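Q: I am new to this structure. Please take me through one part of it closely, starting with a helix and what surrounds that helix.

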Amino acid sequence: MMENPIFPDLSPRLLELMPKLKGRLLPNQPLAPLTWFRAGGAAQIVFTPADEEDLAYFLSRLPDEIAVTTVGVGSNLIVRDGGVEGVVIRLSPKGFGQLDHVGKGQLNVGAAVLDKKLAETALHHQVGGFEFFFGIPGSLGGALRMNAGANGGETKDVLVYATGVNRDGDLVTFSNEEMLFGYRACGVPADVIFTSALLAGRCDGEAAIRARMDDVQRHREEAQPIREKTGGSTFRNPPGHSAWKLIDEAGCRGLRLGGAQVSELHCNFLINTGDATAADIENLGEEVRRRVWQSSGIELQWEIKRIGRQAA
């Protein structure tokens with residue numbers, strides 16, 4: 001807990017409402033260490049459920065007026081400096097890390113499983129079609145929510161069905177068609193927290209799978225600032241355009257604001273050079289959007305998720 005909490009402590013009230021809760025409640029928990037940008041404020045309370053049943057129990061008893069925000073491993077996230085009011089739910093590998101090969105090229109995968117680990121497990125079982133996950137620095141829950149993709153593959157290409165829990169604590173299941181996948185998006189109600197999925201690939205040789213994974217890794221190392229404090233691709237590619245090209249043509253390569261910088265290596269990546277605030281990073285992104293609009297008449301849309309409130 002922070003020495004000087006910025007939010008009222010919700011945990012006594014919640015524990016009274018939820019006497020059988022098994023997961024952890026952490027009031028005024030700093031979120032910056034949980035994000036790849038290493039910037040931003042605290043959560044009023046972080047809840048780490050023990051398992052799916054515990055998550056459903058928590059949500060079924062959580063008062064409607066308390067906001068819920070779900071985060072993963074923080075790779076595609078800006079937490080604003082004023083922090084996040086309400087409950088931030090973070091699924092842990094302990095409760096949501098199952099990763100089982102169930103035959104016929106299918107994998108049963110928990111939402112907290114890292115995308116890279118998913119690709120490596122598929123390789124071990126000689127299941128192809130998951131190589132693109134090797135280049136996505138997130139977890140499956142986020143991949144389901146935003147139809148994450150890379151190197152020509154997308155989550156929609158391998159999903160059979162996804163399971164989750166809604167705001168009322170009900171267990172829900174969505175087929176691939178019911179996910180209503182789009183470009184870096186899905187149509188499932190925002191209150192659903194994905195907990196697992198059944199994915200299907202194809203039987204393939206280990207050497208061929210490894211070669212494709214090596215190509216994915218080579219591309220990342222050559223084209224992306226993967227060793228910097230960054231949040232991955234900042235903006236969605238507009239139809240018919242590449243965001244990085246628009247940003248470069250607008251003269252934004254290397255542009256700085258406070259401790260934040262547009263990557264010299266890949267213009268669609270923002271970097272915390274060491275002491276950036278979340279406001280520095282977000283405001284730099286907005287400046288990039290403004291310059292791209294002036295240069296091309298195209299309005300870039302954020303791909304990075306931004307949560308919380310601005311600092312007072």
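A: **Helix H4 and its surroundings**

In helix H4 (residues 115-124), the buried residues are Asp115, Leu118, Ala119, Thr121, Ala122 and Leu123. Buried means under 20% relative accessible area, exposed means over 50%, and partly exposed lies in between, with a 1.4 Å probe and protein chains only. Helices (H or I, at least four residues) and strands (E, at least two) are DSSP runs, numbered from the N terminus.

The model is predicted: local features need pLDDT of at least 70, side-chain atom pairs count only at pLDDT 80 or more, and totals for chains, interfaces and linings use all residues. Residues are numbered from 1 along each chain as its sequence is written, and side-chain values use heavy atoms, with hydrogens and water left out.

An α-helix has 3.6 residues a turn, so residues three or four places apart point the same way.

What do the buried residues of H4 pack against? Among the partners are four strands: E6 (99-103), E7 (106-110), E8 (127-128) and E13 (193-200). Helix H5 (140-146) and helix H6 (206-223) are partners too. Contact means heavy atoms within 4.5 Å. After H4 comes glutamine 126, with a positive phi near 60°.

Now take the strands among those partners. E6 and E7 pair in the antiparallel sense, over four bridges. Two strands pair if DSSP finds at least two bridges between them. Leucine 99 stands opposite valine 109 of E7. E6 and E7 form a hairpin, and two residues lie between them. Lysine 104 sits in the turn and has a positive phi of about 55°.

E7 also pairs with E13. That pairing is antiparallel and runs over five bridges. Here glycine 110 faces serine 196 in E13.

Serine 196 leads on to tyrosine 161. The two are 35 residues apart along the chain, yet their C-alpha atoms are separated by 8.8 Å. Tyrosine 161 belongs to strand E11 (residues 159-165). Is tyrosine 161 buried or exposed? Its relative accessibility is 35%, so tyrosine 161 counts as partly exposed. Leaving aside neighbours within four places in sequence, tyrosine 161 is in contact with Thr173, Phe174, Ser175, Ala197 and Leu198.

Elsewhere, an open sheet has four strands in the order E15-E18-E17-E16, with antiparallel pairing. Strand E15 (229-233) and strand E16 (256-257) stand at its edges, each with a single partner strand, so one side of each has no neighbour in the sheet. E15 pairs with strand E18 (residues 269-272) over three bridges, in the antiparallel sense. Serine 233 has phenylalanine 269 in E18 as its bridge partner.

Threonine 48 lies in strand E2 (residues 42-48). Its relative accessibility is 16%, so threonine 48 counts as buried. Beyond neighbours within four places in sequence, threonine 48 is in contact with Gly23, Arg24, Arg90 and Ser92.

Step back to the whole chain. The protein chain has eight helices and 19 strands. Its radius of gyration is 20 Å, close to the 20 Å that the globule rule gives for 312 residues, so the chain is as compact as a globular protein of that length. That radius is taken over C-alpha atoms, and the rule is 2.2 Å times the number of residues to the power 0.38. Of the 312 residues, 53% count as buried. Among contacts between residues at least 6 apart in sequence, 65% join residues at least 24 apart.
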